[in-house]
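Student: I should like to understand how the terms used for this structure are justified. May we take them one by one?

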Amino acid sequence: MGEIVKAEEVSAWYGKKLAIRDMSLEMKPNRITALIGPSGCGKTTFLRCINRMQEVVPGARVGGDIWVGQNNVYGSGADPVRVRAHIGMVFQRPNPFPTMSIYANVAAGPRLNRTVRKKAQLDELVEDSLQRAALWDEVKDRLKEPATGLSGGQQQRLCIARALAMKPGVILLDEPTSALDPIASYKVEELLTQLKHDYTVVIVTHNMQQAARIADDTAFMLAGSDLVGEVVEYGETKQLFSTPKDKRTEDYITGRFG
Amino acid sequence: MASVPARRDLTYPIRKNVGRLGSLLATLCVVAAIIPLAYMLYYVLRQGGSSLSVSFFTKLPAPAGETGGGFSNAIAGTLLLIPLSSMVGLPIGILSGIYMARSRNVGFARAARFVTDVIAGLPSIVAGVVAYALIVIPFGFSAIAGSVALGLLMFPTVTRATEEAIKLVPAPIREAALALGVPEWKAMFRIILPTAVNGIVTAIMLGIARVAGETAPLYLTILGSPNLPGSPLKPIHALPLQIWNFATGPYDEWHRQAWAGAFVLFAIIVLLNLLARILTYRLGKRVSSS
């Protein structure tokens, strides 16, 4: 179910200012790929390029290609709206739709995009998504209650369920646990290690330990003195953390900066 | 740790009393603002209270000079003008509010905002003249002409309030919608607007409250009529117009009824504003950010 994500020479600008330069990276299916690096190195910018959310920012521009499966997300015929429908995204702060119930939040994507119309099918989809997000047992008796009544950790899992309901091939997560307490974070991490079996998971994280715990592959990014972000090193997490090839990686991992 | 010798703060009593004086002055100002309003209400009721009765709301005006009769045609006219002018002012107001909230720095949006601000300050008689030229000259006096004039006065308030209501919806909500593959316009109409709905309803109420009591444009547009409103294509009467006619007329009965009419109009405005306030309060409780 997961699709391979291949970035080729991806650069992004905010207006005239270059933010990331010529990033080439391959994120494999059924694995968790983590993007780590100090604040401002462009990890989130790169992540948002994958599902074309970057261009939502006024004045933002993206160069290069990103292949998701067989399709070039930046190809000449590509429609950003449809790209986003096939790639799920979870944000740093849980952002359920405040006027909707738990059920309506999960169903929002399929309903608005009219991919599922019959109520019975929708019910099944909502239950399946909430099960996959490890939230079903906690909310199955209160599906019609407002989503804002859930705790932070539950809301974040709800956002994951909402993304899963669109049946994406890739899931992007931008520091998904940084706004959560340790126990809620643990639950989300457990969830991600389950999800990787069915999806390609790419996660931006500030937390090196988190990357070491759950990521199969890790990319270390750094912004140089020109403030432009690049990939410094990319490889299997175990190797990157135990025998980093680049001195800058080693410095970051051992805490000499960042 | 070195100890600092305590110094007596000689200025503290002075500062404390200046503070108290300031609070007192502020309170007095508020009272000063409320007193005229309360007095006005009391005076209007005293002058016209005797004419307020059920028949005031149900009967047409009596023939000149006779007692009795009511303001039913004027009240009905004012109540008719509210939905009619809303049909003109609300679509323009809400849609331009949406546009301005979404395209904040686009040149056209900036120009539109400027024009809206100008029209917001438009003297109401000018709105009447515009409607006169556009509608009355070709088609005659009518409720529709009045609605156009009032709609013109209504929409800047609605535009501004709608823009503010939409800007209050947190950005992550829009991002979440877009990330699901929902197109911009759908995200706006199916997710952002419903989230902002209380603010938009408030915008509508404020717009209506703004025009419900406008008098000047009505002269040039609805003309007045002794009958209850029939077709919107024909002249109608309205409270502000009727109040003016009776207040400046020769009969005491007319004067009393003008006061009563003033009270009814006043009450309508107060109720609309109150409703707007209640809805604004509930807006704060509805959109909760995590």
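Tutor: The discussion below concerns a predicted model, and each term is set against its criterion.

Student: Why are H7(B) and H8(B) called roughly antiparallel?

Tutor: Their axes come within 10 Å and cross at roughly 150 degrees. Angles over 145 degrees count as roughly antiparallel, and H7(B) and H8(B) are therefore described in that way. The crossing of H7(B) past H8(B) is right-handed.

Student: Which residues make up the contact of H7(B) with H8(B)?

Tutor: From H7(B) come B:Ile173, B:Arg174, B:Ala177 and B:Leu178, which meet B:Ala187, B:Ile191, B:Ile192 and B:Thr195 of H8(B). By class, six are nonpolar, one is polar and one is charged.

Student: What makes residues of chain B count as being in contact with chain A?

Tutor: The criterion is that the C-beta atoms of two residues, placed from the backbone, lie within 7 Å. On that basis, 18 residues of chain B are in contact with 23 residues of chain A. Helix H7 (171-179) and helix H8 (184-212) are the elements of chain B that give two or more residues to this side. H7(B) supplies the largest share, six residues. The side of chain B that touches chain A has eleven nonpolar, four polar and three charged residues.

Student: Which residues of helix H3 in chain A are buried, and what do they pack against?

Tutor: A residue is called buried if 20 or more other C-beta atoms lie within 10 Å of its own. In H3 (residues 102-112) of chain A, the buried residues include A:Ile102, A:Asn105 and A:Val106. The buried residues of H3(A) pack against H4, H5 and H6 of chain A.

Notes
Residues numbered from 1 in each chain as written. Chains lettered and ligands numbered in written order. Predicted model: local features only at pLDDT ≥ 70, side-chain atom pairs only at ≥ 80, totals over all residues. Helix = DSSP H or I, 4+ residues; strand = E, 2+ residues; numbered from the N terminus. Nonpolar A, V, L, I, M, F, W, Y, C, P; charged D, E, K, R; others polar. Buried ≥ 20, exposed ≤ 12 C-beta atoms within 10 Å, placed from the backbone. Axes fitted to C-alpha atoms, helices over the stretch in contact; angles between N-to-C directions. Parallel < 35°, antiparallel > 145°, perpendicular 65-115°, else oblique. Left-handed = near helix turned anticlockwise from the far one by under 90°.
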